[in-house]
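Me: I'd like to learn how to read a ligand site and the sheets around it. Can we go through one together?

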Amino acid sequence: MSTLAIKNLHASVDGAEILRGIDLEINSGEVHALMGPNGSGKSTLSHVLMGRSDYEVTQGSVTLDGVELLGLPTWRRAELGLFLVMQYPVEVPGVTVGDLVTAALKVRGVATNGVGDLVAAEAGRLGVRDEFLRRGVNNEFSGGEKKRVETLQLAALAPRFAVLDEIDSGLDVDALRDVARRVEEMTSESDLGVLAITHYDRLLGELHPDWVHILLNGHIVRTGGPELAQELERTGYEGINDSPK
Ligand code: ADP
Ligand code: MG
């Protein structure tokens, strides 16, 4: 079993402190949902975990099985088993999803001769049409196609932990179901640990969280089970106190 441990994490952007002491531990096979209003710091946390350079970590640690990730370049974090599905995936014209998966496996020293079959099999499971395997990644893809193809990469690479930043945004119900179901399957097939950032309880109908955390003003102010997401759906964030628990 693997553990991704975030301890007292503080981070700033442009000199403003956005994350103000995050503590969160995720084990293999677990799904943790992170919810919170716009601007609470959810995407900031995902970028800090992956090591984007415009976010400055001022305190704390992030370890994967005891290995400190802070200070490591993004590619090294990916190699150690972390994968981020971005809220706004970037376009890579001229590079197909097969090329991306091949490159990522090569970095990990994994044989790449079966990549074509692997990508085709995952495309079938995720409802990705052939056309999208031939085009540059995210080049003129709809929101749903982008997230299906991002999930395809996730499934093909089978990392230890995945951070999904609003994988449900811009998805119709069919795409949402396919993507969430595939991620849920990975939690048992390959023991994937998941941090799923979302606004909506509907994602969590397919991707069943073990824990739900609420982020407000850079603090996790509440942690509970799936019932917390349902409560939020009814009450919104207004009733939630923003002092850390
Ligand atoms: P969420 O994902 O919860 O909606 P974000 O983490 O995107 O919130 O943003 C949290 C705060 O940090 C916001 O006030 C936002 O304006 C600010 N912020 C995030 N990223 C940047 C950035 N790259 N440059 C400047 N400000 C940023
Ligand atoms: Mg965000």
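Me: Which helix gives the most to the shell around ligand 1?

Reply: Helices (H or I, at least four residues) and strands (E, at least two) are DSSP runs, numbered from the N terminus. A residue is near a molecule if one of its heavy atoms lies within 4 Å of it. Here helix H1 (residues 42-50) gives the most, with three residues. This is a predicted model: local features need pLDDT of at least 70, side-chain atom pairs count only at pLDDT 80 or more, and totals for chains, interfaces and linings use all residues. Residues are numbered from 1 along each chain as its sequence is written, chains are lettered from A and ligands numbered from 1 in the order written, and side-chain values use heavy atoms, leaving out hydrogens and water.

Me: How many residues surround ligand 1, and which polar contacts should I look at?

Reply: 13 residues surround ligand 1, and the closest are Gly 39, Lys 42, Ser 43, Thr 44 and Tyr 55. A polar contact is a pair of N or O atoms within 3.5 Å. Lys 42 puts a polar side-chain atom 2.8 Å from an oxygen atom of ligand 1. Ser 43 uses a polar backbone atom, 2.9 Å from an oxygen atom of the ligand. With Tyr 55, a polar side-chain atom is 2.9 Å from a nitrogen atom of ligand 1.

Me: What about the six-stranded sheet: in what order do its strands run?

Reply: Two strands pair if DSSP finds at least two bridges between them. This open sheet has the order S6-S7-S8-S3-S9-S10, with mixed pairing. Its edge strands are S6 (82-85) and S10 (219-224), each pairing on one side only. S6 and S7 (residues 161-165) pair in the parallel sense over four bridges, and Val 85 has Leu 164 in S7 as its bridge partner.

Me: And the four-stranded sheet: why is one side of S2 and S5 left without a neighbour?

Reply: The order there is S2-S1-S4-S5, with antiparallel pairing. S2 (16-27) and S5 (67-68) stand at the edges with a single partner strand each, so one side of each has no neighbour in the sheet. S1 (residues 3-13) and S2 run antiparallel, joined by nine bridges. Val 13 stands opposite Ala 16 in S2.

Me: Which strands of this sheet does H1 touch?

Reply: Contact means heavy atoms within 4.5 Å. Axes are lines fitted to C-alpha atoms, for helices over the stretch in contact, and angles run from 0 to 180 degrees between N-to-C directions. H1 packs on the sheet, touching S1, S2 and S4 (56-64), and its direction makes about 110° with that of S1.

Key: Polar contact = N/O pair within 3.5 Å; in protein donor to acceptor, adjacent residues only side chain to side chain.
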